[in-house]
Amino acid sequence: TQYYNMFSIPIRLYKNDSIAFSKGPFLKNEDPVNFIINRILNDNREIGYVTDSNSFYYGFVSNGEYKIVAGPVSELKKSEQEIRHIGFLIGSKDVENLISEIQILGGIHPDTLLQSLIFINYCVKKTMYDISDIRIKKSEQENITSDIKENYSSEKNSDEYAVRSRSYM
């Protein structure tokens with residue numbers, strides 16, 4: 001709760017891959033983290049971050065059977081159309097509420113997320129990292145960017161996406 005109050009970044013605690021606690025504006029079943037939670041839970045790094053196809057950043061700190069997951073954050077505010085698309089993908093029942101919740105998160109630089117992870121990792125494990133220790137290297141970023149572009153273009157070209165997304169407008 002204090003982490004969320006300090007950084008205004010949604011946070012969750014997982015124990016053995018099941019959510020034990022969450023604090024933030026999203027409903028548990030309409031949380032954008034659901035797109036990539038399996039990737040995060042299966043990541044063996046002690047501290048790290050990932051991006052999703054919506055250009056959101058999520059960070060995590062691992063400690064035995066526990067994983068603290070923070071995010072999403074985005075450098076840029078999402079447009080209503082982008083959020084409607086996200087709402088479509090997660091099956092949101094209240095897209096208008098989702099729009100207001102996600103727009104609050106816009107404008108948080110990923111480095112703020114990384115610094116907050118360094119802080120929480122230090123509080124939990126008394127291990128200090130430098131931000132350069134957890135940033136994704138350029139070669140890794142190029143692969144991630146390529147994957148995101150490929151997934152996004154295949155979603156946009158889908159007839160099913162075009163038909164179903166109209167219901168969110």
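In this predicted model, pLDDT stays under 50 over residues 138-142. For that stretch the model has one contact beyond four places in sequence. A second stretch, residues 154-158, also stays under 50 in pLDDT. Here the model has five contacts beyond four places in sequence. Where pLDDT is low, the predicted coordinates should not be read in detail. Across the protein chain, pLDDT averages 82. A score of at least 70 is reached by 78% of the residues.

The strands form an open sheet. Five strands take part, in the order β2-β1-β5-β4-β3, and their pairing is antiparallel. The edges are held by β2 (18-23) and β3 (47-51). Each of these two has a single partner strand, so one side of each is left without a neighbour in the sheet. On average, neighbouring strands of the sheet are turned by 20° against each other, direction ignored.

Helix α5, residues 110-125, packs on this sheet. The helix touches β1, β3, β4 (57-63) and β5 (66-73). Its direction makes about 10° with that of β4. The helix contains 16 residues. From first C-alpha to last, α5 reaches 22 Å, close to the 22 Å expected at 1.5 Å a residue. Its buried residues are Pro-110, Leu-113, Leu-114, Ser-116, Leu-117, Ile-118, Ile-120 and Asn-121. These buried residues pack against the strands β1, β3, β4 and β5. They also pack against two helices, α1 (2-7) and α6 (131-134). Just after α5 comes Lys-126, with a positive phi of about 60°.

Strand pairing was then examined along the sheet. Strand β1, residues 11-15, pairs with β2 in the antiparallel sense over five bridges. Within this pair, Lys-15 stands opposite Ser-18 of β2. Strand β1 also pairs with β5, again antiparallel and over five bridges. There, Tyr-14 faces Lys-67 of β5 across the pair. The pairing of β4 with β5 is antiparallel and runs over six bridges. Ser-62 has Lys-67 in β5 as its bridge partner. Lys-67 thus appears in both pairings, opposite Tyr-14 and as bridge partner of Ser-62.

Strands β4 and β5 form a hairpin, with two residues between them. Gly-64 lies in the turn and has a positive phi of about 60°. Strand β5 is mostly covered. Of its eight residues, seven are buried. In a regular strand the side chains alternate between the two faces of the sheet.

Helix α3 (80-90) precedes a loop that leads to α4 (95-105). The buried residues of α3 are Ile-83, Arg-84, His-85, Ile-86, Gly-87, Phe-88 and Ile-90. Arg-84 and His-85 are thus among the buried positions of this helix. Gly-91 follows α3 and has a positive phi, near 70°. Ser-92 is found in the loop between α3 and α4. Its relative accessibility is 6%, and Ser-92 therefore counts as buried, the cut-off being under 20%. The side chain of Ser-92 makes a polar contact with the side chain of Glu-30, at 3.1 Å.

Terms used
Residues numbered from 1 in each chain as written. Predicted model: local features only at pLDDT ≥ 70, side-chain atom pairs only at ≥ 80, totals over all residues. Heavy atoms only, no water. Helix = DSSP H or I, 4+ residues; strand = E, 2+ residues; numbered from the N terminus. Buried < 20%, exposed > 50% of the residue type's maximum accessible area, 1.4 Å probe, protein only. Polar contact = N/O pair within 3.5 Å; in protein donor to acceptor, adjacent residues only side chain to side chain. Pairing = 2+ DSSP bridges. Axes fitted to C-alpha atoms, helices over the stretch in contact; angles between N-to-C directions. Contact = heavy atoms within 4.5 Å. Expected span 1.5 Å × (residues − 1). pLDDT = per-residue confidence, 0-100.
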